[in-house]
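Reader: I would be grateful for a close look at a single part of this model, followed by an account of how that part sits among its surroundings. Please begin with the strands and proceed from there.

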Amino acid sequence: MPSTSDFLMLSATLFTVGLIGVILRRNMITVLMCIELMLNAVNINLVTFSHMLGSLEGQIFTIFVITVAAGEAAVGLAIIIQLYRLKSSINVDDARNLNG
Amino acid sequence: MGFYDSGFPILSVITYLPLAGALLMLFINKENTGAIKTFATIVAAVDFVLSVPLWFYFDRKAAGLAMFQFRETASWIPSLGVKYSFGIDGIALLLILLTTMMGLIAVYSSYTAIDHRQKEYYILLLLLQTGMIGVFCALDFFLFYVFWEVMLVPMYFLIGIWGGQRRLYAAIKFFLYTLAGSVVMLLSILALYFFNSSGIPFLNIKGLGNAPSFDVLQFHQIGHLISPQLQFWIFLGFFLGFAIKVPMFPFHTWLPDAHVEAPTAGSVILAAVLLKMGTYGFVRFALPILPDGTRQLMIPIVTLSIIGIIYGALVSLVQKDMKKLVAYSSVSHLGFVMLGMFALNPMGLRGSVLQMINHGISTGALFLLVGIVYEQRHTRLISEYGGLAKQMPMYATLFLIAALSSMGLPALNGFIGEFTILLGVANANIWWAVFAAVGIVLGAAYLLWLYQRVFWGPLDNPANKVLKDVNKRELLTLLPLVACMIWIGIAPAPFFEMIEQPVDYIVQKVDPGYFKRQPVTYPSEAAERAAAVSSALAAIQAEVHR
Amino acid sequence: MTWADTLLLLPELIAATGASILLIVPVLGGRARGHMAKWAMLALMAVTALAVIGSTYAVAGVQQTPTFRAMFAVDAFSVFFKLLFVVVIALVTLLSEDFLSEERYSTWEYYSLLAFALCGMMFMASGVSLITIYIGLELLALSSYILAGYYKNHEESTEAAMKYFILGTVSSAILLYGISLIYGVCGSMRLSTIAAALSTMLSNDALMFGIMLLAAGLCFKIAAVPFHVWTPDVYVGAPTPISAFLSTGSKAAAFAVFARVFYVAFPAFHLDWSNVLAAIAALSMIVGNLAAITQTNVKRMLAYSSISHAGYSLLGIIAMNEMGLRGILIYTMVYVFANLGIWATILMLRRHAYAGESVEDFRGLHKRAPFAAFSMVVFLLSLGGIPPTAGFIGKYFLFAAAVQAGFGWLAIVAVVMSAVSMFYYLRLVVAMYLEEGSGAETIYSPSLRFVTALSLTVTLVVGFIPELPIRQVIESSSHLVGRVVQR
């Protein structure tokens, strides 16, 4: 039976992997997936704490987060399609019109 | 005129009349420049006329807090403890009279010098006047700060729109320098505010628990309770704000730029009034509120003042541009004012305050005079001129009087101020007086040399042969100043009488034991003048021989 | 959830319903009547505002269920911000009119998204549980991502949307992770329960980490250094009215959350987090102002200026005293109006997509549009904190709060940087008044004129007679400060 801290470690690892992915990967789809990974890492955290504390709040929040993540994915994909229509590329580095 | 002593808000009227005039001017068609000029002049003139009776209704003998007269108090932002509080003592009164007079002269002298965007020009000039008078009237720190900053904006535009070649640079430099100083001053004001009320628990500074207030006079009462260490820091904040405005030696670099680029009227106002705000700030706020801070920083400030005196004079000597020369002479003269002030005795302070007025009159006149030839020749280079005394005798005479007044010739105002300062300074430390005297000699040197190069010698530049002498309007702007120079030079007693109580009050605050150690013995005016005349004559002789 | 609770939710419900209706209209054949969208939107704003005011009267009378109370508060603080938001969205609606008609983008969806954003912002202002706050934040963010990319056919706009989206979602993930840690340590999402738990707790790493991550997420939303990199690009790329919205409404909402979360939940660990935030604030002020000096694009300059203003506002949170909270409220209000006024002027010059954004376009504006130029000066002075404009009153509160809290060094940084900021604000003044030239053509529509006039009025009235707004702010914030003082 894995302990609470094991779950937290798993969550932290997933979150870090996701964050590193966002920073390193250039493909927009992959970036989007990494963001989803981060959100799900948070979900694991929330469910773990909810179980540990015996409070339902965390699990309720998880459902909200999943819903929001779906919305984010939809908006993200829409932006990716838009970008592809204009540039025929979904590489983050190809978006260089704004120099900042 | 019964309302001057009947609680009528006369100070507010004097302060906001120019503002009201500026707002009304918005409705005048901008093509109708004649009406604009006339209207602006009328507003400035009425303002001046209204301010004159203050001189007569002011009670010179009132001492202590009662010397702040024509008080007006109303609530403004009660939740912060900010009051709308006006009131003047003798020092502020003289400066207000100077402001309204200079304001009128500035408006009247701009008739031909300003040829584009005239409506905006006069509106800004009037707005500036409201800001300046407000600064001298305000007895609430918050209100004071508002006026102090409000003034920046019109002056910025005056330099930036109607200035010379490098006007943008000069305007921004002026604005940013002054702003940088004043925001630091704001922190000092806040520290005082919290000391008076709730304290700053984090720094273990216990407040006095009074109701939150920005009342300057209340701060005068509680200032000495602040620990010397905190006083040092608060004073430093004030010092930055005021010293930049004065400007004292290392902070003076904005001044030559601003003066040279500003239009004539702008320079006049800048020299006559704006610089006085810095020195006024010291005597009204920094000294009486923070006695320990004052004494801790006395030596550095005196040193900077002496450096300023000598440096300003030396740099003036090598200037090729007349306006720049006068500008640097201001650095030197204001060094005198600061030196006299930080002698921290009644004599020095009296001279210092009087010298503020003198400098306003003399330097204002010099800038006006430089403006007169500049308007005709569009150059201020000394080398372009020469022999003007033949071409413009009237002009040469007026210039001579202004220059002599500025260098401190007896029977003119500058002498009285400088001499009194020297007396006070010598009382504090004889060596400071020696340095100051060197400054006086140098002052005579650069002004006389300037005069020699511009007015004497052959009239060999053909462009100068068509120069017209001062016209009636220009004469009208200059004569009142000349009259004031002579009046203060011959009969300074009413002026000294006006500032005696405030000065004693300040000395009492800064150095509570002073009057116990040294019972007040002012030399009688006659003896003072006699001694002064003889020593100054000796100085002049020495210079002539040189 | 009872009817009584619903009554308190009425403003949000109206905004959400209105947004949904606006979304459906084009499907029902309303696309042709695009010009009516503006009026529908303004009517919606008016009704929402009435509902907000109504909810303050309702709150005294109704019996709320405990669960509802734990999630959502109708208090003076939230009402202050909600009214501000409604006004901002209404003004942004007015700003958008020309842009929409010029570019022929569908108007109904645009306003619908704005209304959804408003709904999210109102939830942020009212949220007393991290759940509510997060949902509100995401609703606002998702609407903003789409709005930032509303110029469908411009690469810049799409890029802006992409950057905003990636960084925004990452930051909300970070914020969420922080929330999860705080939840784990304190056992609740409710702010007051968190505060109660913290008051009996010693500092611990997991909690500090959680607070820091939460702060980082919020710092992204307010565009504080080092979480500011998206700001200039998004402001430049997004449609100008949306840049106006992002720099005012969206930021104000983030500040409402920032203030409520930190003042209610975390006063117990003030000493631990205040220094970190102080560093962030100092960096924001320094980097924002120094970077703004070199910009020639006005939108980019405003972006950096908005970064620096985030730094000033943070002073109010760092100070953690009455003055500070009041400062945040009043400064947010003052900043919002000054900024909207400036954006209105930019929009006036901005014709044909991205033209008219460089400082040169402002040259000689005083001749072509004297009123706009004059107002612009007042707005810039207000941003610079020069009295007698409203900006001075706002900055006064923040600086005073910092001094009172003993953050003297931070106050010095703040005042020096606000003097530096005048340097680039004056550049626009110089262009408008001191330089002659034709600049960009101006089309000053009545809507823009109205926005300018309203912003000008607020900026001057707050500057000259600050007593009334200050009193309002004190009333709106005292119940949150009460907890701090008890500490």
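Author: In this predicted model, chain B holds two antiparallel strands, β1 (residues 69-77) and β2 (residues 82-88), which are joined by six bridges. One pairing can be followed by eye: B:Ala74 has B:Tyr84 of β2(B) as its bridge partner. Four residues lie between the strands of this hairpin, and B:Gly81 there adopts a positive phi near 80°.

A positive phi also appears at B:Phe70, where the angle is near 55° although the residue is not a glycine. B:Phe70 belongs to strand β1 of chain B. B:Phe70 counts as buried because 22 other C-beta atoms lie within 10 Å, and the cut-off for a buried residue is 20 or more. A second residue of chain B, B:Arg117, is likewise not a glycine and has a positive phi, near 50°. B:Arg117 lies in the loop between α3 (90-109) and α4 (118-137) of chain B. With 17 other C-beta atoms within 10 Å, B:Arg117 is partly exposed.

Further along chain B, the backbone offers another feature to inspect. The peptide bond leading from B:Val246 to B:Pro247 is cis, its omega being near -10°. B:Pro247 is placed in the loop between α9 (228-245) and α10 of chain B. The helix after that loop, α10 (residues 254-261), is mostly covered, with seven of its eight residues buried. Among the buried residues are B:Leu255, B:Asp257, B:His259 and B:Glu261. Their cover includes α6 (152-162), α7 (167-196), α11 (264-289) and α14 (322-341) of chain B.

The nonpolar interior comes next. The largest nonpolar core has 451 residues, and B:Leu339 is among those with the most contacts inside it, together with C:Ile318, C:Phe399 and C:Ala402. Leaving aside residues up to four places away in sequence, B:Leu339 touches several others, including B:Val302, B:Ile306, B:Ile421, B:Trp432 and B:Ala436.

How does chain B stand in relation to the other chains? In its contact with chain C, 28 residues come from chain B and 27 from chain C. On the chain C side, α19 (390-404), α20 (408-434) and α22 (467-486) each supply at least two residues, and α20(C) gives the most, with 12 residues. That side of chain C divides into 22 nonpolar, three polar and two charged residues. Chain C also has a cis peptide bond, between C:Pro387 and C:Pro388, with omega about 0°. C:Pro388 lies in the loop between α18 (370-384) and α19 of chain C.

Between chain A and chain B there is no contact, and their closest C-alpha atoms are 29 Å apart. Chain C does touch chain A, with 33 residues of chain C in contact with 31 residues of chain A. Of the two pairs of chains that touch, chains A and C have the most contacts. The largest share of the chain C side facing chain A, 17 residues, comes from α9(C). By class, that side has 19 nonpolar, eight polar and six charged residues.

Within chain A, the axes of α2 (residues 28-53) and α3 (residues 57-87) come within 9 Å and cross at roughly 175°. The two helices are therefore roughly antiparallel. Their contact includes A:Leu32, A:Leu39 and A:Val42 of α2(A), and A:Phe61, A:Val65 and A:Ala69 of α3(A). The contact residues of these helices comprise 15 nonpolar, six polar and two charged.

Conventions: Residues numbered from 1 in each chain as written. Chains lettered and ligands numbered in written order. Predicted model: local features only at pLDDT ≥ 70, side-chain atom pairs only at ≥ 80, totals over all residues. Pairing = 2+ DSSP bridges. Core = buried A, V, L, I, M, F, W, Y, C linked by C-beta atoms within 7 Å. Buried ≥ 20, exposed ≤ 12 C-beta atoms within 10 Å, placed from the backbone. Contact = placed C-beta atoms within 7 Å. Nonpolar A, V, L, I, M, F, W, Y, C, P; charged D, E, K, R; others polar. Axes fitted to C-alpha atoms, helices over the stretch in contact; angles between N-to-C directions. Parallel < 35°, antiparallel > 145°, perpendicular 65-115°, else oblique.
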